[in-house]
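Please open the structure in a viewer and keep the selection panel at hand. The tour below proceeds stop by stop, with a selection proposed at each.

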Amino acid sequence: MKAGFIGAGKVGFSLGKYFTLSGITVTGYYSRDIDHASEAAGFTGSRCYKNLKDLTEDSDTLFITVPDSAIVDIWKELRNLPIKNKNICHCSGSISSSAFFDAKDKGAFGYSVHPLYAFSDRYESYKGLQKAYFTVEGDPANLPAITGCIKSLGNNVVIVDKANKPLYHLAAAVVSNCMAALADISREMLEKCGFNRDEAIKAMAPLITGNANSIANVGPVRALTGPVERNDTSTVISHLKILSEKFPESEDLYRHLTMRLIDIAETKHPDRDYTAMKNITEKCTASVSELPSHMKEKERTK
């Protein structure tokens, strides 16, 4: 493979560096911002291209690493260049290879090649790419060659149907982006307890990394801990009461997540009866009258 990159952001930088270190020839970069292309070329030991035509001629596979909203615009420009027998790949998680709407008519092969990975830094993210799964979908003609090339780097590859790309991207967003939202909710709560922002983030770090590593190593069921798994209804009632009074915007989220945790707990402990936990979570039971007896007096004397 002789891979050329259109776009010089975090994904382009990272994939180009990873490919180069793994023995794949990276021809270079083209970007509307020539400084970005020059920087990426220097980082990967490749060439900075001043026009798209030259990059296309020097590459047999083109990776479009631009924002999703720009992919079709790039294709409209690229489709008028000599792309016969070339592989055209974008790296969007949500958009299918259908973005290259007339690739076959042009004699080219269109693909979506997406690393299931969070690219947070142009110069550092490539270091973790070897552990990432890649998903691929597109023209059957060169699909074995594309997937085989990625597998040769040591990565696992899953072929997905283009109709499932939105669902696939949703799954990635839930486990990646939504985790940031949950962490921010926790940060806000810790600040209410007296932590400053930096302290809250540092305090959360062992919990976040410890749980993430455990889930990654043994899966959600075996990694589950906490009051739901213990069937500690008193604590969950207390949580719901606090949410109702101080964080009402997060109460429904807590209830929905807790119901899913109950499902996981039932899988982990099929001998336990979580009926009471379900009833507590499904309806508003955080009033003092419904608290367990050992908590009622404490609430009344506040």
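Which residues in helix 6 meet N177, C178 and M179 in helix 7? Selecting the contact shows A172, A173, V174 and V175 on the helix 6 side. The model on display is a predicted one.

**Stop 1: helices 6 and 7**

Display helix 6, residues 165–175, together with helix 7. The two helices pack at an angle of about 25°, and their axes are 3 Å apart. With that angle, helix 6 runs roughly parallel to helix 7.

**Stop 2: along helix 7**

Remain on helix 7, which spans residues 177–192, and select R187 and E191. Their side chains form a salt bridge, with 2.9 Å from N to O. The partners are 4 residues apart within the helix, so about one helical turn separates them. Colouring by accessibility sets the two apart: R187 is buried at 10% relative accessibility, whereas E191 is partly exposed at 28%.

**Stop 3: helix 10**

Move next to helix 10, residues 233–246, and select K241 and E245. Here, too, a salt bridge joins the side chains, with an N to O distance of 2.5 Å. K241 and E245 lie 4 residues apart in the helix, which means a separation of about one helical turn. Is K241 buried or exposed? K241 is buried, its relative accessible area being 13%, while E245 is exposed at 52%. Elsewhere, add D184 and R197 to the earlier selection of R187 and E191: salt bridges with shared partners join these four residues into one network.

**Stop 4: a pair distant in sequence**

Select E77 and R32, whose side chains meet in a salt bridge at 2.8 Å from N to O. E77 belongs to helix 4 (residues 71–78), and R32 to the loop between strand 2 (25–30) and helix 2 (34–44), so the bridge ties together parts that are 45 residues apart in sequence. E77 is partly exposed, with 31% relative accessible area; R32 is exposed, with 61%. How many salt bridges does a search of the whole structure find? The search finds 14.

**Stop 5: S92 and its surroundings**

Centre the view on S92, in the loop between strand 5 (87–90) and strand 6 (109–115). At 2% relative accessibility, S92 is buried, because the limit for that class is under 20%. A polar atom of the S92 side chain lies 3.2 Å from the backbone nitrogen of S94. Which residues does S92 touch, leaving aside those up to four places away in sequence? Show D68, I71, S112, H114 and K165 to see these contacts.

**Stop 6: the cysteines**

Finally, select C91 and C89. The closest cysteine sulfur to that of C91 is in C89, at 7.2 Å, and is therefore too far for a bond. C91 is buried, with 12% relative accessibility. Select C193 for comparison: this residue is exposed, with a relative accessible area of 61%. Over the whole structure, the search for disulfides finds 0.

Conventions
Residues numbered from 1 in each chain as written. Predicted model: local features only at pLDDT ≥ 70, side-chain atom pairs only at ≥ 80, totals over all residues. Heavy atoms only, no water. Buried < 20%, exposed > 50% of the residue type's maximum accessible area, 1.4 Å probe, protein only. Polar contact = N/O pair within 3.5 Å; in protein donor to acceptor, adjacent residues only side chain to side chain. Contact = heavy atoms within 4.5 Å. Disulfide = S-S within 2.5 Å. Axes fitted to C-alpha atoms, helices over the stretch in contact; angles between N-to-C directions. Parallel < 35°, antiparallel > 145°, perpendicular 65-115°, else oblique.
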